[in-house]
Amino acid sequence: MRTIDQQIAEATAKLARLKTRAKANDTRRKIITGSVVISDALKDPAAARGLAALLRRTVTRDVDLKEVAALLAELDAKAGKA
């Protein structure tokens, strides 16, 4: 028979695994959503303008701005074709 401490340790380990799985699922959902939004924005000038505006409003850290700079350029180019 397992002791109370062993049962607590097992439950804690299971909780940690579930939290890790939930975080992975959340990350995957964000990646899929982002992919769909970007793909649509690169096809539709109005969506390109909207996404570019959203990114400029919400992305404020220099390191993040560097990461989205090329995307912003693509979105601006697409928005200009309207």
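This report describes the nonpolar core of a predicted model and the helix H2 that contributes to it.

## Basis of the model

The model is predicted, with local features requiring pLDDT of at least 70 and side-chain atom pairs counting only at pLDDT 80 or more, while totals for chains, interfaces and linings use all residues. Residues are numbered from 1 along each chain as its sequence is written, and side-chain values use heavy atoms, with hydrogens and water left out.

## The nonpolar core

The largest nonpolar core (buried Ala, Val, Leu, Ile, Met, Phe, Trp, Tyr and Cys residues joined through side-chain atoms within 4.5 Å) has 11 residues, namely Ala41, Ala48, Leu51, Ala52, Leu55, Val59, Val68, Leu71, Leu72, Leu75 and Ala79. Two or more residues of this core come from each of helix H2 (45–58) and helix H3 (62–80), helices being DSSP runs of H or I with at least four residues, numbered from the N terminus. H3 gives the largest share, 5 residues.

Leaving aside residues up to four places away in sequence, Leu72 touches Ala52, Leu55 and Arg56, where contact means heavy atoms within 4.5 Å.

## Helix H2

Pro45, Ala48, Leu51, Ala52 and Leu55 are the buried residues of H2, buried meaning under 20% relative accessible area and exposed over 50%, with a 1.4 Å probe and protein chains only. These residues lie on the same side of H2 because they cover an arc of only 125° around the axis, taken from the directions from the helix axis to the C-beta atoms. On the other side of H2, Arg57 and Thr58 are exposed, whereas the cover over its buried residues includes helix H1 (4–41) and H3.
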